Amino acid sequence: KKKWPNHRIESHIMSTKPLQYIEKFSKYSDVIYFHNEIDEDKNLIKNEIIKNGKKPGIVIHASKENKNIKEMIESFNEVLLLCIENPGKSGQKFIDNTYSILEKLNKLNNRSKFLLCVDGGLSQDNIKILDCDKIVSASNVFQNINPKRQIENLQKILNK
C-alpha cells in the first residue's frame, strides 16, 4: 500500500478458516476474497471484512460442483473464478470446465453488479477468449524472462 497508494490491492485468503486472517489482510487490502467452501459462516466472514472497511469477494473454484452459482455470488460485488486444481500452487494447467462456468456467470441477469476476476493457468492463448473484468496471471508473468514486457503483452491482449 505504501509503494502503490493509488492502486487497488486485492487479497485471496486460501484457507477454510479465513476469519483469523481478515484483520491482518485489512491493513493492506482493498478487496479480500475468500472461498465459497469454507468451514466458517460466510455471512460472518463477509460482515467482518466490511466491518474492517474493505470489500468482500467470493472465490468460485472451477474444479468444484457449482450448482447454485447465482445464490453463491448474489450478495457480492467481487467474484474470483479460480481455474486450477490446487490453490496456492503456481504453474498449473487451466481447467477447461472454466469456460462453461464463465459463460454461466456472464449470462446472469445481475452480471453488471459484480466485477469478475479469472485466476489460474492463464496464458496469452486463453486470455484472448475470456470474458471477464480482471485476470491474475502470476506464473505466466514471473516465469517469463522479461516479466515487465510480459505484463505489457497481456495488457495489450486484454485491451483489444
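This section describes the two largest pockets of a predicted model and the surroundings of two buried residues, His35 and Ile22.

The largest pocket encloses about 1,400 Å³ of space. Its lining comprises 40 residues, and those closest to the centre of the pocket are Ile135, Val136, Ser137, Ala138 and Val141. Several secondary structure elements supply at least two lining residues each. On the strand side these are S1 (10-13), S4 (78-82), S5 (115-119) and S6 (134-136); the helices are H6 (138-142) and H7 (147-158). The greatest contribution to the lining comes from H6, with 5 residues. In terms of residue class, the lining of the largest pocket contains 19 nonpolar, 14 polar and 7 charged residues.

For the second largest pocket, the volume is about 170 Å³. The residues lining this pocket are Met14, Ser15, Thr16, His35, Glu37, His61, Lys64, Glu85 and Pro87. Of the lining residues of the second largest pocket, 2 are nonpolar, 4 are polar and 3 are charged.

His35, one of the residues lining the second largest pocket, belongs to strand S2, which spans residues 31-35. The relative accessible area of His35 is 7%, and the residue is therefore classed as buried, the cut-off being under 20%. The side chain of His35 forms a polar contact of 2.7 Å with the side chain of His12. When residues up to four places away in sequence are set aside, His35 touches His12, Ile13, Met14, Ile58, Val59, His61, Leu82 and Pro87. Among these neighbours, Met14, His61 and Pro87 also appear in the lining of the second largest pocket.

Ile22 is located in helix H1, which covers residues 19-26. This residue has a relative accessibility of 0% and so also falls in the buried class. Beyond the neighbours within four places in sequence, the contacts of Ile22 are with Ile13, Ile32, Ile45, Glu48, Ile49 and Asn52. Ile13 is thus in contact with Ile22 and is likewise touched by His35. Asn110 lies 88 residues from Ile22 along the chain, and the C-alpha atoms of Ile22 and Asn110 are 27 Å apart.

Note on methods
Residues numbered from 1 in each chain as written. Predicted model: local features only at pLDDT ≥ 70, side-chain atom pairs only at ≥ 80, totals over all residues. Heavy atoms only, no water. 1 Å grid on protein atoms, 1.4 Å probe; cavity = no way out; pocket = protein on both sides within 12 Å on 5 of 7 lines; lining within 4 Å. Points joined across faces, edges and corners; volume = space filled by probe spheres on them. Helix = DSSP H or I, 4+ residues; strand = E, 2+ residues; numbered from the N terminus. Nonpolar A, V, L, I, M, F, W, Y, C, P; charged D, E, K, R; others polar. Buried < 20%, exposed > 50% of the residue type's maximum accessible area, 1.4 Å probe, protein only. Polar contact = N/O pair within 3.5 Å; in protein donor to acceptor, adjacent residues only side chain to side chain. Contact = heavy atoms within 4.5 Å.
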